[in-house]
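Biologist: Please pick one part of this model and go through it closely, with its packing partners and the places around it. How far can the prediction be relied on there?

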Amino acid sequence: MGSKSKGNRPGIRSVGRTLAFQVLYSTHFLDKDNPQDMDTLFDLNPMVLEQESDTARAFARDLVMGVNVNLHDIDKTIEAHSQHWKIERIAMVELSILRLSLYEMLFTDIPVKAAINEAIELSKIFGDDKSRSFVNGILDGVAKTSKRA
């Protein structure tokens, strides 16, 4: 009876996304006067150190580095679709989720619907009652205007 069902465990990519979100979220608490490079921040993050899966860590690293490299364009996209919300006013949880998801939507071959669904799942876990609809609204707006939609 050796079932290969994974049960309720999240897949490696979901684990990697969660890890990437946690690293991106942690960057909001950095000392602005003493910047560190993203590689160091990733490697020293406690959640990264605890992660047993090399595959999840590698996927998370790719996501974090991709967000970091494309941050300016990602933030411009958020501002263009956030209807009168300045980036500084968006809660850190939602901003981290949006950055991660928009990187996937705009700069990778991950299907747009999958990126949005994963963002909603992250907002359910880490956000408040309004997070899901806020994140979904912005991502849906981007998806409707995206060439990949």
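Modeller: Three words for accessibility recur below: a residue is buried under 20% relative accessible area, exposed over 50%, and partly exposed in between. Val 15, in helix H1 (residues 12-26), has 22% relative accessibility and therefore counts as partly exposed. Leaving out residues up to four places away in sequence, Val 15 touches Pro 10, Gln 51 and Ala 56. Its C-alpha atom is separated by 14 Å from that of Leu 49, which is 34 residues away along the chain.

The model is a predicted one, and confidence comes before the close look. Mean pLDDT for the protein chain is 89, with 91% of the residues at 70 or more. Residues 1-7 have pLDDT below 50, and that stretch makes 1 contact in the model beyond near neighbours in sequence. Among the elements of the chain, the lowest mean pLDDT, 89, belongs to helix H2 (residues 38-44), and the highest, 97, to helix H6 (residues 92-107). H6 is the part taken up here.

The partners of H6 include helix H8, helix H7 and helix H5. Helix H8 (residues 131-145) packs against H6 at an angle of about 25 degrees, and the two axes are 10 Å apart. An angle under 35 degrees counts as roughly parallel, so H6 is roughly parallel to H8. The crossing of H6 past H8 is right-handed. On the H6 side the contact is made by Glu 94, Ile 97, Leu 98, Ser 101, Leu 102, Met 105 and Leu 106, and on the H8 side by Ser 131, Phe 134, Val 135, Ile 138, Leu 139, Val 142 and Ala 143. Sorted by class, the contact of H6 with H8 holds 11 nonpolar, 2 polar and 1 charged residues.

Helix H7 (residues 112-126) meets H6 with a crossing angle of roughly 165 degrees, and the axes come within 9 Å. Angles over 145 degrees count as roughly antiparallel, and H6 and H7 are therefore roughly antiparallel to each other. This crossing, too, is right-handed. From H6, the residues involved are Val 93, Ile 97, Leu 100, Ser 101, Glu 104 and Met 105; they meet Val 112, Ala 115, Ile 116, Ala 119, Leu 122, Ser 123 and Phe 126 of H7. By class, the contact of H6 with H7 has 10 nonpolar, 2 polar and 1 charged residues. Ile 97, Ser 101 and Met 105 of H6 appear in the contact with H8 and again in the contact with H7.

Ser 101 deserves a separate word. This residue of H6 has 1% relative accessibility and so counts as buried. Apart from residues up to four places away in sequence, Ser 101 touches Ala 115, Ala 119 and Leu 139. Of these, Ala 115 and Ala 119 belong to the H7 side of the contact with H6, while Leu 139 belongs to the H8 side of the contact with H6.

Helix H5 takes another direction relative to H6. The axes of H5 and H6 cross at roughly 105 degrees and come within 10 Å. Angles of 65 to 115 degrees count as roughly perpendicular, which makes H5 roughly perpendicular to H6. H5 contributes Leu 71, Asp 73, Ile 74, Asp 75, Thr 77 and Ile 78, and H6 contributes Leu 95, Leu 98, Arg 99, Leu 102, Tyr 103, Leu 106 and Phe 107. The contact of H5 with H6 divides into 9 nonpolar, 1 polar and 3 charged residues. Leu 98, Leu 102 and Leu 106 take part in this contact with H5 and also in the one with H8.

Tyr 103 and Phe 107 of H6 have a further contact outside H5. Asn 70, in the loop between helix H4 (54-69) and helix H5 (71-81), is in contact with both of them, its neighbours within four places in sequence left aside. With a relative accessible area of 16%, Asn 70 is buried.

The loop between H5 and H6 includes Gln 83 and His 84. Most residues other than glycine have a negative phi. Gln 83 has a positive phi, near 40 degrees, and His 84 also has a positive phi, near 75 degrees. Gln 83 is exposed, with 66% relative accessible area, and so is His 84, with 79%.

Terms used
Residues numbered from 1 in each chain as written. Predicted model: local features only at pLDDT ≥ 70, side-chain atom pairs only at ≥ 80, totals over all residues. Heavy atoms only, no water. Helix = DSSP H or I, 4+ residues; strand = E, 2+ residues; numbered from the N terminus. Buried < 20%, exposed > 50% of the residue type's maximum accessible area, 1.4 Å probe, protein only. Contact = heavy atoms within 4.5 Å. pLDDT = per-residue confidence, 0-100. Axes fitted to C-alpha atoms, helices over the stretch in contact; angles between N-to-C directions. Left-handed = near helix turned anticlockwise from the far one by under 90°. Nonpolar A, V, L, I, M, F, W, Y, C, P; charged D, E, K, R; others polar.
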